[in-house]
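Reader: Before we begin, I should like to understand how the terms used for a protein structure are justified. May I ask about them one at a time?

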Amino acid sequence: MYIWTAVSLTLAGTIFWTLRLLTCKRGRDRMYDKPPGPPPLPIVGNVFDFPRQRPWETFSKWAQDYGKLLSFLASINDLLELQGMFIFGRPLVILNSLEAITDLLIDRSAIYSDRPYFPLLDIVGHLEANVGFMPYGKEWTALRKVFASGFSKSNLVAYYDSHRRAVMNVLKNFRQDPSRYEDHFKLHAVQLVIDVTYGIQVDSIDHHLVNLATRVIGTVATLVNPLTLILDPKFLGKILPRWMGGGMLSRRIDKWKQELHEFQTWPYEQTKSNMARSLLCFCGQESGAHKPSFTSHLLQEFEGKAADAEEEKMIRQGAAAAYIRYGEYSLRIVKPHLVDSVIVQTSAAANTFLLAMLLYPEVQQRAQKEIDSVVGVDRLPDFKDRQYLPYVDALLQEVLRWHSPTPLAMPHLLRQDDHYRGFHLPAGSIVIGNAWNILHDPSVFSDPFEFQPERHLYPQSQEVAEKMEVFDRLPFGFGRRLCPGKAFAEDALWLLFAQFLAVFNVLLDSEHPPAKAEFTSGPLSHAIPFHCKVMARSEEAKLLLEQDPGLSEQVF
Ligand code: HEM
């Protein structure tokens, strides 16, 4: 029943879009000016063309196929990079070139910054809680501002101690059991975000907050299923009789709402009460101290001003937005069936780093040589050393280029009809920037599938050098929706990589088949699990793991 309803609604959607294209202002011509792409079937459009495995690779291949064909028809080369097709009754436009991404997602971001609408996310309350899915508009702008103020460059130094603590934990965990590398990287991410966002210390993946995040992220993964784009489960819950699951659906929705409410309020209230206790402590009435955090910092900013419920809601949501990005890490441990869709960016990048060190020992050695010569062997590298370790920085950029955790970023939605280089792009189109294609373009990065940090230090041409910053931004998305956690994530990864390399060697495990550079499909892509050995580099390195992480005063 569910499937048939889905099929009929898909067909209805496709017919709607086809009629809309046929009847819009310039009539029939529109059908011919849609961007090139695989030829659609009658009625169902390109529904069978959508690649199931690593779609970024197929999109890149299409860029070549249709490019060759169409270069005959059109003289402007970048037209060929823009492809459109219909899927789930909606135009989907893939941007495969930097020019098209810049022209549309960046320069015209006023109309290209919306998100596809997921009705169930809305019903459950995510659209007002999760900045990543929020429609483009006033509320999104206000929430982004709160988020940006917490994670602005000038504030990042306040998080350094949290980074140090989290990395030290990873190193110790690797020393104990290197085979659980994925768990160690995930715990690193969860610890870091909860510490930074709420000032709450989490030392195990079984912590209540980690479980809560896991549940909420599992729910998000369910609710963004494309079927929810065309079905309205709330409506179904009302009209379906109990024996057909109507009552169950309604109860599920209530449970999801409750989960989200707890996710937003539990750690937030905890931070507030820690702050209040700390104040009492200061007055000599009670003992206890709160740790400065993103949330406490924002609350302090509003201190003394008239309590404004709207502002408080913003802080709560801004904090939850940071937390939700990291909560995703733990999912793999608890819900293996959702692995592909929900493993999150930073831990995916850390896995890629480990794989690259295994497959490219000469890169590992060069980075270690740089660290040893600048930092020595009797202390760990720290943020103050970063400017003197350009190769380690280049290695970080290469990890994100070689295999970005989000090869297609997140889908944007076009708000109003637009024209681009002779093509018509209808309002409501889902627009995807294929960053992967650009980051693997051999004319920009020679031997793009090789891991070569030097390419970031010595770009292959002046033109590439001038755009290197733009290329480095691509793994984090585009325009007004660009990831606001970019600088923070880079800090986290830089310290992790630098300290890891100072202490450990990553080596082949001869008892298992050699690892390959293979990555999963899904919107969040990560290295397919592999075997390796991780050994302390020396006796001095072992001693470094006994030291405390060298914490300093937090400065908010
Ligand atoms: C290696 C790590 C990371 C990568 C590769 C990454 C990548 C991305 C990408 C591709 C997007 C979508 C951009 C677009 O729609 O064009 C995004 C959005 C977002 N990211 Fe990140 N991210 C990372 C880490 C983080 C961290 C650590 C945080 C929080 C502290 C964060 C917070 C967000 C938020 C809130 C959004 C939604 C922005 C919006 O829709 O306005 N990200 N990220």
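Reader: Which residues are the closest to the ligand, and how many surround the ligand?

Author: In this predicted model, 26 residues surround the ligand, and the closest are Arg115, Trp140, His412, Arg481 and Cys483. A residue is counted when one of its heavy atoms lies within 4 Å of the ligand.

Reader: Which helices each supply at least two residues of that shell?

Author: They are helix 7 (138-150), helix 15 (309-327), helix 18 (345-359) and helix 24. By class, the shell holds 15 nonpolar, seven polar and four charged residues.

Reader: What makes Cys483 (SG) a donor to the iron atom of the ligand?

Author: The SG atom of Cys483 is 2.3 Å away from the iron atom. The cut-off for an N, O or S donor to such a metal is within 2.8 Å, so the SG atom qualifies. Cys483 is the single donor from the protein. The UniProt record, an unreviewed entry, also lists Cys483 under "binding site".

Reader: Where in the chain does Cys483 lie?

Author: Cys483 lies in the loop between helix 23 (462-473) and helix 24 (486-503).

Reader: Why is Cys483 called partly exposed?

Author: Cys483 has a relative accessible area of 28%. Buried requires under 20% and exposed requires over 50%, so the value for Cys483 falls in between and the residue is called partly exposed.

Reader: Why, then, is Leu545 called buried?

Author: The relative accessible area of Leu545 is 4%. The limit for a buried residue is under 20%, therefore Leu545 meets it. Leu545 lies in the segment after helix 25 (539-544). Its C-alpha atom is separated by 7.1 Å from that of Leu171, although the two residues are 374 residues apart along the chain.

Reader: What makes the approach of Trp140 to the ligand a polar contact?

Author: An N or O atom in the side chain of Trp140 is 2.9 Å from an oxygen atom of the ligand. A polar contact is a pair of N or O atoms within 3.5 Å, so this pair qualifies. A polar side-chain atom of Arg144 also lies 2.9 Å from a ligand oxygen atom, and for Arg481 the corresponding distance is 2.8 Å.

Reader: How do you know that strand 3 and strand 6 pair?

Author: Strand 3 (residues 412-413) and strand 6 are joined over two bridges, in the antiparallel sense. At least two bridges are required, so the strands are said to pair. Within this arrangement, Leu413 has Ile430 of strand 6 as its bridge partner.

Technical notes: Residues are numbered from 1 along each chain as its sequence is written. This is a predicted model: local features need pLDDT of at least 70, side-chain atom pairs count only at pLDDT 80 or more; totals for chains, interfaces and linings use all residues. Side-chain values use heavy atoms; hydrogens and water are left out. Donors are N, O and S atoms within 2.8 Å of the metal (3.2 Å for Na, K and Ca); water is not among the atoms, so sites may look incomplete. Helices (H or I, at least four residues) and strands (E, at least two) are DSSP runs, numbered from the N terminus. UniProt positions are given in the numbering used here, feature names are shortened, and annotations may be inferred rather than shown by experiment. Buried means under 20% relative accessible area, exposed over 50%, partly exposed in between (1.4 Å probe, protein chains only). A polar contact is a pair of N or O atoms within 3.5 Å; within protein, one must be able to donate a hydrogen and the other to accept it, and residues adjacent in sequence count only if both atoms are side-chain atoms. Ala, Val, Leu, Ile, Met, Phe, Trp, Tyr, Cys and Pro count as nonpolar, Asp, Glu, Lys and Arg as charged, and the others, Gly among them, as polar.
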